[in-house]
Amino acid sequence: MAKKITGYLKLQVAAGSATPSPPIGPALGQRGLNIMEFCKAFNAQTQGMEKGMPIPVLFTIYADRSFTFKLRTPPISYFLKKAAGLTKGATTPGKGGAAGSVTKDQVREIAEKKLVDMNAGDINAAMLMVEGSARSMGLKIAE
């Protein structure tokens, strides 16, 4: 018989640096979950990744206060900022100059990385989604 699922939780945690401090500790603690168990397992799974990379984590919480978690790929905005060499996007996208630019090749590369977590049917649809995110951040798409 399968365990009874009581809920789901989404968090975004920096790779290799999960600690019991906020926001992880309170989010897991109020649901009665073992915080240190998660921190050790998460840090072990992300030790090969770039330190500080934001990793979305999807928890499945069971009635016996156990849990499983699944790691997702970093957000599109993280990849776009990295490709454009920026620390943040434009403060007022669509008005004034562009904050930076990315090439079509960079957009395709990002779309290929994110395709597993997107609801796009093919790589071209995923590229359109990435281009939309780039425009909303104030980035210019160069040929």
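Right after helix α3 comes Gly-85, and its phi is positive, near 75°. Keep in mind that this is a predicted model. From there, the picture below works outward from α3 to its helix neighbours, then over to a group of phenylalanine rings, and ends with the overall layout.

**Helix α3 and what it packs on**

- Helix α3 covers residues 76–84, and its buried residues are Ile-76, Tyr-78, Phe-79, Leu-80 and Ala-84.
- Those buried side of things has plenty of partners: the buried residues of α3 pack against strands β2, β4 (100–103) and β5 (139–142), as well as helices α4 and α5 (123–136).

**α3 against α4**

- The axes of α3 and α4 (residues 104–114) come within 10 Å and cross at roughly 150°.
- Angles over 145 degrees count as roughly antiparallel, so that is how α3 runs relative to α4.
- As for handedness, the α3 and α4 crossing is right-handed.
- On the α3 side, the contact is made by Ile-76, Phe-79, Leu-80 and Ala-83, and on the α4 side by Gln-106, Ile-110, Lys-113 and Lys-114.
- Sorted by class, the contact of α3 with α4 has 5 nonpolar residues, 1 polar and 2 charged.
- Ile-76, Phe-79 and Leu-80 are among the α3 residues in this contact, and they are also listed among the buried residues of α3.

**α4 against α5**

- Helices α4 and α5 pack with their axes 8 Å apart, at an angle of about 110°.
- An angle from 65 to 115 degrees counts as roughly perpendicular, so α4 and α5 get that label.
- This crossing, between α4 and α5, is right-handed.
- α4 brings Lys-104, Val-107, Arg-108, Ile-110, Ala-111 and Glu-112 to the contact, while α5 brings Ile-123, Asn-124, Ala-126, Met-127, Val-130 and Glu-131.
- The class breakdown for α4 with α5 is 7 nonpolar, 1 polar and 4 charged residues.
- Ile-110 of α4 takes part in the contact with α5, and Ile-110 also appears in the contact with α3.

**Phenylalanine rings**

- Searching the whole structure turns up 7 aromatic pairs.
- In one of them, the rings of Phe-38 and Phe-69 have centres 5.1 Å apart and planes at 80°, so the pair is edge-to-face.
- That pair links distant parts of the chain: Phe-38 sits in helix α2 (residues 35–45) and Phe-69 in strand β3 (residues 67–71), 31 residues apart.
- Phe-38 is buried, with a relative accessible area of 0%.
- Phe-69 also pairs with Phe-59, where the ring centres are 6.1 Å apart and the planes meet at 45°, so this pair is tilted.
- Phe-59 belongs to strand β2 (residues 54–62) and Phe-69 to strand β3, and the two are 10 residues apart.
- Both of these residues, Phe-59 and Phe-69, are buried.
- Ring pairs join Phe-38, Phe-42, Phe-59, Phe-67 and Phe-69 into a cluster.

**Overall layout**

- The protein has 5 helices and 5 strands, and from the N terminus on they run β-α-α-β-β-α-β-α-α-β.
- Its C-alpha trace spans about 55 × 35 × 30 Å along the principal axes.
- Of the 143 residues, 35% count as buried.
- Counting contacts between residues at least 6 apart in sequence, 61% join residues at least 24 apart.

How values were computed: Residues are numbered from 1 along each chain as its sequence is written. This is a predicted model: local features need pLDDT of at least 70, side-chain atom pairs count only at pLDDT 80 or more; totals for chains, interfaces and linings use all residues. Side-chain values use heavy atoms; hydrogens and water are left out. Axes are lines fitted to C-alpha atoms, for helices over the stretch in contact, and angles run from 0 to 180 degrees between N-to-C directions. Helices (H or I, at least four residues) and strands (E, at least two) are DSSP runs, numbered from the N terminus. Angles under 35 degrees count as roughly parallel, over 145 as roughly antiparallel, 65 to 115 as roughly perpendicular and the rest as oblique. A crossing is left-handed if the near helix is turned anticlockwise from the far one by less than a right angle, and right-handed if clockwise. Contact means heavy atoms within 4.5 Å. Ala, Val, Leu, Ile, Met, Phe, Trp, Tyr, Cys and Pro count as nonpolar, Asp, Glu, Lys and Arg as charged, and the others, Gly among them, as polar. Rings of Phe, Tyr and Trp (its six-membered ring) pair if their centres lie within 6.5 Å; planes under 30 degrees apart count as stacked, over 60 as edge-to-face and the rest as tilted. Buried means under 20% relative accessible area, exposed over 50%, partly exposed in between (1.4 Å probe, protein chains only).
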